[in-house]
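This report covers the sheet, the helices packed on it and the aromatic contacts of the model shown here.

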Number of protein chains: 2
Amino acid sequence: MSDEYIQDQWPEEGTFCWGCGKNNEHGLQLKSYWEGDEAVAVWKPKDHHMAFPGILNGGIIATLIDCHGTGSANAAAHKVAGDSDQHFMYVTGSISVKYLRPTPLNHPVTLRARIIEMGEDKIKVSCDLYSGDVMCATGEVLTVRVDLGIFLNIGKK
Amino acid sequence: MSDEYIQDQWPEEGTFCWGCGKNNEHGLQLKSYWEGDEAVAVWKPKDHHMAFPGILNGGIIATLIDCHGTGSANAAAHKVAGDSDQHFMYVTGSISVKYLRPTPLNHPVTLRARIIEMGEDKIKVSCDLYSGDVMCATGEVLTVRVDLGIFLNIGKK
């Protein structure tokens, strides 16, 4: 069911992101879901997502960790809020990624994220990226809460 | 002259990168050049590189800082080596990016990088991203030296 995916539950304005927007036909269209307390995503690179022949690009890896991280943070905040109609949004304040080894281009990668700090204004997420059983990269995403209305109106100015 | 661009001086294997490879038609095709001790790149987003309407995606920003950083590090190492035929390559070991404010999607961005630590095994680069005169993001890229032959053969296995 598509309702299982975190990104499929977002309002329309949030579905054009290059990393995870279902309505961005040129984007990566990452889809994340909960597996217990862990947010998981499986994503298959295309040939042109390369760094060097056979190796996945580091910027693509950073994008996946970023979007999976913010997706997890927003979903975690909504879990806490329950069925509340409250609108809020967390965006990336900072990100750090360590590249542990080259990531193969021709295999799906799996992202596994956990909430490691949960505040009202900030949520920090840790995220590992695997190729098969091998961890190839690990990162942290510090997300900050922004006013949804003000933020979404920036682009209309 | 295309020879002014750092990425145009790379061997063919290095020209397919999604972030900065001139031979990756789907990629960002970032091009960097020296302006004194500062490496500079100007890059124009496409509409689909969005995070939200009117706002540039953070993963794209991380990719630009990553590729501009490694490009600067490699070019700096080659400067030190002079006209030597020695082959070496620095790739990203880790990256951190702070997003200071939303980056407009409909304007070119300018990247300005400086070498802040220069070792034989590691080179650290600091890189700021501007929209017009406004700094929107800042990051650091720690690059590590790898064996060119071994690294480029990974993808052929």
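## Strand pairing

Two strands count as paired if DSSP finds at least two bridges between them. In this predicted model, strand β7 (residues 122-131) of chain A and strand β8 (residues 134-146) of chain A are joined by 10 bridges in the antiparallel sense. Within this pairing, A:Lys124 is placed opposite A:Leu142 in β8(A).

## The sheet

The strands form an open sheet of 12 with antiparallel pairing, in the order β1(A)-β2(A)-β6(A)-β7(A)-β8(A)-β5(A)-β5(B)-β8(B)-β7(B)-β6(B)-β2(B)-β1(B). The edges are taken by β1 (32-35) of chain A and β1 (32-35) of chain B; each has a single partner strand, so one side of each has no neighbour in the sheet. On average, neighbouring strands are turned by 25 degrees against each other, direction ignored.

## Helices on the sheet

Helix α1 (residues 58-81) of chain A lies across β1, β2, β5, β6, β7 and β8 of chain A and β5 of chain B, at about 140 degrees to β5(A). Helix α1 (residues 58-81) of chain B touches β5 of chain A together with β1, β2, β5, β6, β7 and β8 of chain B, and its direction makes about 140 degrees with that of β5(B).

## Aromatic contacts

Over all chains there are three aromatic pairs. One of them is stacked, because the rings of A:Trp18 and B:Trp18 have centres 5.1 Å apart and planes at 25 degrees. Each Trp18 lies in the segment before β1 of its own chain, so the pair joins two chains. Both A:Trp18 and B:Trp18 are buried.

The rings of B:Tyr5 and B:Tyr33 have centres 6.3 Å apart and planes at 70 degrees, so this pair is edge-to-face.

Note on methods. Residues numbered from 1 in each chain as written. Chains lettered and ligands numbered in written order. Predicted model: local features only at pLDDT ≥ 70, side-chain atom pairs only at ≥ 80, totals over all residues. Heavy atoms only, no water. Helix = DSSP H or I, 4+ residues; strand = E, 2+ residues; numbered from the N terminus. Axes fitted to C-alpha atoms, helices over the stretch in contact; angles between N-to-C directions. Contact = heavy atoms within 4.5 Å. Phe/Tyr/Trp six-rings, centres within 6.5 Å; stacked < 30°, edge-to-face > 60°. Buried < 20%, exposed > 50% of the residue type's maximum accessible area, 1.4 Å probe, protein only.
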